[in-house]
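Student: I am new to this structure. Please explain the terms as we go.
Tutor: Here it is.

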Amino acid sequence: MFRNFLRIALRNLRRHVSYSVINISGLSIGIACSILILLWVQNETSFDKFLPKSDKLYQVYASADFDGRINSWRSIPLPSYEEFKTAHSHIVNSVVTGWGGNRLMTVGDTRIMQRGFFVSEEFLEMFEYELLRGEASQVLDDPSSIVISESLAQTLFKDEDPMGQVVVVDDESHLKVTGIVKDIPDNTSFQFDYLIPWKHRETINPWVVRNKTNWGNYSFQVFVELSDASKEQEVNEGIHDILVEKGQTDVPRWFHLHNMEKWRLYSNFQGGVAKSGQADYVQLFTVIALFILVIACINFMNLSTARSERRAKEVGIRKTLGSRRGQLIAQFYGESVLISLISFMIAILLTMVALPSYNDLVNKQLSIDFMSSDFWMFALIIVFATGLLSGSYPSLYLSSFNPLRTLKGAVSSGKSGNIPRKVLVVVQFLVSMFLIIATVVIFQQIELAQSRELGYDQENLITIPQTDDILENYELIDQELKRTGAALSMTISNSSITQINSNNFLGWPGKPESQRVMFATIATEYDYAKTMGVKMLHGRDFSREYATDTAAIIINKAALDLMGLEEPIIGTQLDLWGMKRPLIGVIDNVLMASPYETIRPLFMIMDRNWGGPLTLRLPKTNDLPAQLEKVQAVFEKYNPAYPFDYSFVDVAFQRKFTNINLTRKLATIFAILTIFITGLGLFGLASFTAQQRIKEIGIRKVLGASIASLLTLMSRSFSILVVIAFALSAPLAWWLLNDYLDRYPIRVDIAWWIFPVTGIIALVFALLIVSNQALRAAKTNPAQSLRNE
C-alpha cells in the first residue's frame, strides 16, 4: 500500500513539473527562512541555560521610588555581598563581581590585551563554567592567582603546561595560573578570558576597601544562589528591607532578585518588575517565521485545490474500485508530506549556503547541529507539520468528491469552492503588506533617532583606554599631542560621550524637600566641552586658570530647566554629597544615552581619578591614518607597555542602533522573500485559473471581446482580493506598530501615505503577475481552445 502511494505521488510530481517546482520552491524558501530565524531565536532563548544551576542563580537588583516612578538598577552596595550569606536560610551562597576591562597579559615576549572580571572565590562554584584544569572550590582562593581560558592559555604558553606559570598583568601584578576554563560560548552573559580574585582587587585598589562597609555606594554587582528556585518570592520578602535597616531611608528602597535565565530576554524593568527586553525581538521574529511558513503552506493549498478538476477523475475511479475516503485522505496527505520532505532537504541546503552571510548580519556564529537529537526532532515536526498543514484542505476537499459526478465530468468548484482559496490569498497579501509597512515604519524610526541633534561634534573624535601610565603622564601627553599637532585637545571622563556610567542625586535652591531626582554624572578633566564640541550656554568650561574648579560643578540645559534657577545662574550653590559646589557653567543638552529617550538632567565635576577613557579631538585631515600615527607615537612614548588602542566615537554611537537595525534588515529581507513566495503562489494560481477559463475566453473572443477587456476580466477578482487584504492589513498594522513604537519615548508618528503606497505596490505587483498569465490566455487562438467543443 505504502509503495503504491509513493509511486503515485512521484508520478504526479513528474507529470506536473511546473506545479511541483512552484510548490517545492515556495516551501523550500519558506522553510529555509524559518530555519534561519529560529536558529537566531534558539540562540537568544538558550542564553545561560546551559549552566547546571541557572534556574537557582540570581542577580540582586535595587529599586527605589523617586522622581515619580520606580527606578531599578543592578549595581548595589558592596557590603551586601557578605550580608546575603546569612540574610536568608534559602540563600546558599553569594558572589561579587566587577568588570576588569581589557588588561595587558604578558608571558615572555607575548603581550596581549584580554577582557575579564574580578570575582570573589565563590564564582566558579556557583556558575560552574567548565574547568579543564583546577578545582572550582580552590582556584580563586589565593589573591595572587588567575584563571584563564583555554584559548588564552594556548596564546600565552603555546605547548607548555600553563598550570603554576606566572602571568604578568598590566606590567604590575604577577599572578599564578591556578585554573583553565573552557572557552566561554557566545550565549552567556559573562564573556571573559580571565578571572582575577576579588581579594587581589582589594590589594591594588584602595577605593574597593573603603567601600566594604559603605551602604551608600551602588557600584557593585552581587549574585546569590538559592537552594530551591521555588523559594524566590520567599527570599525576595526576606531581603526586601535590608537597605532600610542599613540606614538607606532617603527614598523608599528595596532589594529583589532577577533570575539568570531571564537576564538576556527580560532586562528592562518597569515598576520594579522585568517586563521587556530581547524577548520582544524573539517574539517578533518567531511570529515572522511562522507567517512565512504559513504563507508557503497556503501556496500549496491554493495550487492543490485549483488543480482539483484535473484529479477529480482519479478520485472517482479509485472510489469506484473500492478505495475508502480515509485511504484517499492518506494518499493526499502522503503526497503533501513527500513534497514537504523534499522541500525540507532543499531548505537545509539553502540554509547552509546562506548561513555565512546571515551570521555576518546577526553578528553570531550560528550553525546546524546535525548530531543533535533536538535538530532531528525539529526536522520531523517541520516536515510533518508543514505537510499536514499544507495538505489538510486539499486532502479533505479532494476526497469528498462524488464518484458518479466526477466520472461524468460534473465537478466544478463553483463560487463556494473558490471561497477558501480567496481567503488564503487575502491572508498572504495581508501578511506581505503588513511586513512592508512595518519595514518602512522601522526605517523611519531609525532615521528619526539618527537625525536627532547630538549636542556635540562626532567628527574626528576618538577614545583611548586609560592606564596608570596615561594617568601619571596625563599633562605631558596633553602638551605633546598639541605641540606635534597630533590632536587639538584632550580630556578624560568616567564614561565616553556615548554612554552614562554613573548617576547621583543633586540638590539646588528651592528644591521641594520631597523631590528626589537622579542626575547623570560625568567626572572629567579640563577642556571637556572644547574637546567634545559641546556648546556652553552659560558660564565656562573647567579651566586650568581656576584652581578652585576641582570644587565646582557644571550642569546641562535639561538640569537647568528642571531646577528653574533664577538669575544670576552662575555662582548658584548646588548641594552634592552634603557639600556645596558653585555652578560655573551650563552646557547644551548632549545625547549620551539611548537615542530613543529624552535627555536626562546631568551634572559634571572635575575628577580624573574616577577612571574612564581619554577622548581626543583630532584636526580635520585628508590623511586620517597618518594623523593616527602621530597620536600613536605620543602614546607609545608615554604608555609603552600597552599596544595603541583607539575607537571612533561615531562608530560607538552607531552601536546604539544594533537591535533596531537588525530588526529593520531582517524585516526587509523576509518581507521581500514573503512577497516572492506570495508572488510564486499567485503565479501558479493565476496560470491554473487561466487554464480553467480558457474555453470561456475563447468564446468571448469569438463574440468580439478585446484583449484589454479579457485582461480586466481575469484581473478583477485578484484585484478585489488585494483590496480586501489592504483594508484588513492597514488598521492592523497601524494598531500593532503604534503599540510597538510606544515603548520609545522618542518615536515617529506613522505617516498616512505609507498605507496607500503599500496598497498600490501590492496591487501593481499582483496585476503584473496575473496579467502575464491572462495575456497568454487572451492571445490563445479560439480555434485551438474550442477544438473539443
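Tutor: Ala, Val, Leu, Ile, Met, Phe, Trp, Tyr, Cys and Pro count as nonpolar, Asp, Glu, Lys and Arg as charged, and the others, Gly among them, as polar. On that scheme, the lining of the second largest pocket has 13 nonpolar, six polar and eight charged residues. The model is predicted: local features need pLDDT of at least 70, side-chain atom pairs count only at pLDDT 80 or more, and totals for chains, interfaces and linings use all residues. Numbering runs from 1 along each chain as its sequence is written, and side-chain values use heavy atoms, without hydrogens and water.

Student: What makes a residue part of the lining of the second largest pocket?
Tutor: A lining residue has an atom within 4 Å of a point of the pocket, which is an open set of points on a 1 Å grid over the protein atoms alone, where a 1.4 Å probe fits, with protein on both sides within 12 Å along at least five of seven lines. In this pocket 27 residues line it, and Gln42, Asn43, Asn187, Ser367 and Asp369 lie nearest its centre.

Student: Why is valine 181 called buried?
Tutor: Buried means under 20% relative accessible area, exposed over 50%, and partly exposed in between (1.4 Å probe, protein chains only). Valine 181 has 1%, so it is buried. Its place is in strand 8 (residues 173-181).

Student: Why is tryptophan 734 called partly exposed?
Tutor: Its relative accessible area is 47%, so tryptophan 734 falls in between the two limits. Tryptophan 734 is in helix 24 (residues 707-741).

Student: How do you know that lysine 53 and glutamate 225 form a salt bridge?
Tutor: A salt bridge is a side-chain nitrogen of Lys or Arg within 4 Å of a carboxyl oxygen of Asp or Glu. For lysine 53 and glutamate 225 the N to O distance is 3.3 Å, so the pair qualifies. The two are 172 residues apart, with glutamate 225 in strand 10 (residues 221-226). Lysine 53 has 17% relative accessible area, so it counts as buried, and glutamate 225, at 9%, is buried as well.

Student: Why are arginine 544 and aspartate 478 put in different accessibility classes?
Tutor: Arginine 544 has a relative accessible area of 38%, so it is partly exposed, whereas aspartate 478 has 3% and is therefore buried. Their side chains meet in a salt bridge at 2.9 Å, N to O.

Conventions:
Helices (H or I, at least four residues) and strands (E, at least two) are DSSP runs, numbered from the N terminus.
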